[in-house]
Amino acid sequence: MFENLQDRLSRTLKKVTGKAKLTDANIKDTLREVRKALLEADVALPVVKAFIESVRKRAVGQEVSRALNPGQQFIKIVEAEMVAMMGDANETLDLAVKPPAVVLMAGLQGAGKTTSVAKLAKFLKEREKKKVVVVSADIYRPAAIKQLETLATEVGVDFFPSSPDQRPVDIANGAIMHARKHYADVVIVDTAGRLHVDDDLMDEIKELHAAIEPAETLFVIDAMIGQDAVNTAKAFNDALALTGIILTKADGDARGGAALSVRHVTGKPIKFLGMGEKIDALEPFHPDRIASRILGMGDLLSLIEDAERNIDKDKAERLVKKVAKGQKFDLEDLRDQLQQMQNMGGMASMLEKLPGMGNMAQLAEKSDMTKQFKVMEVIIDSMTPAERANPDVLNGSRKRRITMGSGTQIQDLNRLLKQHKQMAKMMKKMKGDGMAKMMRGMGGMLGGGGGGMPPGGMPPGGFPGGGGGLPPGFK
């Protein structure tokens with residue numbers, strides 16, 4: 001998401017960072033480029049106009065004239081206005097009502113409502129420790145009821161059954177009664193997809209809204225439809241009094257204009273971003289972190305949160321102890337590292353959250369590194385435990401057996417062995433207190449204004465198998 005915008009803005013703002021002094025002329029040229037970049041990203045025209053005017057007023061005022069580095073100050077102004085445009089801070093769900101708190105989900109057909117219900121249920125259950133009941137009031141698409149039941153089982157939340165011959169109001173009230181009896185904290189009500197121009201369906205959801213008085217009414221929109229998503233959200237908000245928005249398929253939209261426009265146009269905050277098909281791919285929307293990512297400054301807070309949630313701490317600790325003792329880094333260890341990286345969303349997802357690494361993230365995506373990592377895992381899985389522990393025993397016949405078993409080529413296996421050897425060499429240097437020194441060094445960079453990255457913008461020792469600091473596949 002935001003790749004095109006990030007690309008254009010980073011090129012545009014580079015021109016102004018080196019300026020010792022900002023003049024009306026160079027601000028005007030830069031703002032014209034910023035305006036073009038935002039319009040190309042499908043940001044609504046009224047939003048672009050308001051944004052550019054706010055930046056111009058602040059940039060030609062006293063803030064810049066007093067700054068030690070006017071170029072950097074200008075970027076800070078752009079970032080601050082971008083954050084303000086998207087809503088200042090993350091707005092959480094307001095569930096502080098007498099249980100059960102009801103969350104009503106509305107939106108167009110195909111926007112990803114039913115999947116978002118399951119994702120939100122998982123989020124509330126795991127991160128907020130809530131007992132959740134989900135129910136489908138979509139009486140027009142029987143498959144929707146079955147789909148939600150399947151997803152509810154997958155995420156481990158209570159599903160309240162319904163059928164197409166019931167009224168949506170009766171279904172929702174039944175689910176709320178069930179939730180009260182079972183001491184549930186939250187009821188999430190899925191509804192049928194509808195167009196704002198369909199009067200009958202809009203009347204139906206208004207009636208449902210009035211009957212159940214939800215604590216939250218969330219509008220689910222597909223980021224891929226861009227400007228239309230924003231206009232539709234506005235129409236629904238006029239009819240329903242929304243409390244927030246879930247922007248789905250955000251990982252599939254390189255422009256990101258909907259995310260930048262929707263708050264300004266509707267006055268309602270984006271509360272969550274759907275960032276993939278996986279059932280846990282729902283993230284709270286943090287405007288400051290998104291703005292930082294758009295301007296190529298990374299998003300270390302989200303990266304740290306991802307690591308805390310998804311990294312197997314026991315495995316990580318075992319590896320640190322193993323390396324500190326100077327024990328051999330084997331292929332089992334490499335496979336663990338690849339799996340940990342996949343759990344954090346893959347290499348591209350990690351790179352885009354590191355300062356100055358946006359371009360590398362795009363390269364990683366283009367070269368389909370996720371696929372490369374999966375191939376490496378399959379090859380390692382095709383080996384015996386003895387071969388993983390000591391890859392030096394791999395002769396011609398063993399290699400043939402492994403490649404036939406994994407459906408790969410000898411070149412793939414040789415590339416994996418070369419990459420493993422480079423990582424093992426790097427790990428060897430960290431024997432004793434080498435690991436502690438490296439971690440201290442990284443801590444210094446994170447806290448010392450270095451943007452969290454060493455000189456050259458690469459992690460210590462480079463990426464596994466990259467040979468010169470690059471990730472695998474960037475030769």
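**Group meeting: a walk through the model**

Okay, let's start with one residue: Glu-213 is exposed, at a relative accessible area of 67%. Here exposed means over 50% relative accessible area, buried means under 20% and partly exposed is in between, with a 1.4 Å probe and protein chains only. Before I go on, a word about what we're looking at. This is a predicted model, so local features need pLDDT of at least 70 and side-chain atom pairs count only at pLDDT 80 or more, while totals for chains, interfaces and linings use all residues. Residues are numbered from 1 along each chain as its sequence is written, and side-chain values use heavy atoms, with hydrogens and water left out.

Back to Glu-213. Its phi is positive, near 45 degrees, and it isn't a glycine. You'll find Glu-213 in the loop between H9 and strand E5 (216-222). When I say helix or strand, I mean DSSP runs numbered from the N terminus: H or I of at least four residues for helices, E of at least two for strands.

Lys-129 is another one of these: not a glycine, but with a positive phi of about 55 degrees. Lys-129 sits in the loop between helix H6 (113-126) and E2, and its relative accessibility is 65%, so it counts as exposed.

Now the overall picture. The chain has 22 helices and eight strands. Of its 475 residues, 50% are buried. Take the contacts in the chain with a separation of 6 or more: 73% of them are between residues 24 or more positions apart. Contact, by the way, means heavy atoms within 4.5 Å.

Let's look at H8, residues 168-181. It has 14 residues and runs 20 Å from first C-alpha to last, close to the 20 Å expected at 1.5 Å a residue. The expected span is 1.5 Å times one less than the number of residues in the helix. What do the buried residues of H8 pack against? Strands E1 (101-107), E2 (132-136), E3 (158-160) and E4 (186-190), plus helix H9 (199-212). Among those buried residues are Val-169, Ile-171, Ala-172, Ala-175 and Ile-176. After H8 comes Tyr-183, with a positive phi near 55 degrees.

Moving along, Gly-193 lies in the loop between E4 and H9. Is Gly-193 buried or exposed? It's buried, with 16% relative accessible area. Setting aside neighbours within four places in sequence, Gly-193 is in contact with Gly-107, Leu-108, Gln-109, Lys-113 and Leu-201. Its C-alpha is also 9.5 Å from that of Gly-112, which is 81 residues away along the chain.

For another pair that is far apart in sequence, go to Met-82 in helix H5 (residues 70-86). Met-82 has 0% relative accessibility, so it counts as buried. Met-82 and Asp-288 are 206 residues apart in sequence, but C-alpha to C-alpha they're 8.2 Å apart. While we're around H5: in the loop between H5 and E1 there's Pro-100, and a cis peptide bond joins Pro-99 and Pro-100, with omega about 0 degrees.

Next, helix packing. H3 (residues 45-59) and H11 (residues 257-266) cross at about 90 degrees, and their axes are 9 Å apart. The axes are lines fitted to C-alpha atoms, for helices over the stretch in contact, and the angles run from 0 to 180 degrees between N-to-C directions. That makes H3 and H11 roughly perpendicular; the cut-offs are under 35 degrees for roughly parallel, over 145 for roughly antiparallel, 65 to 115 for roughly perpendicular and oblique for the rest. Pro-46, Val-47 and Ala-50 of H3 make the contact with Leu-260, Ser-261, His-264 and Val-265 of H11.

H20 (residues 396-406) and H21 pack at about 110 degrees, again with axes 9 Å apart, so they're roughly perpendicular too. On the H20 side we have Lys-399, Arg-400, Ile-402 and Thr-403, and they meet Ile-410, Leu-413, Asn-414 and Leu-417 in H21. As for H21 (residues 410-428), its 19 residues should span 27 Å at 1.5 Å a residue, and the end C-alpha atoms are indeed 27 Å apart. Its buried residues include Leu-413, Leu-416, Leu-417, His-420 and Met-423.

Last stop, the annotation. An unreviewed UniProt entry marks residues 269-282 as "domain: SRP54-type proteins GTP-binding". UniProt positions are in the numbering used here, feature names are shortened, and annotations may be inferred rather than shown by experiment. In the model, residues 269-282 are 0% helix and 43% strand, with the end C-alpha atoms 16 Å apart.
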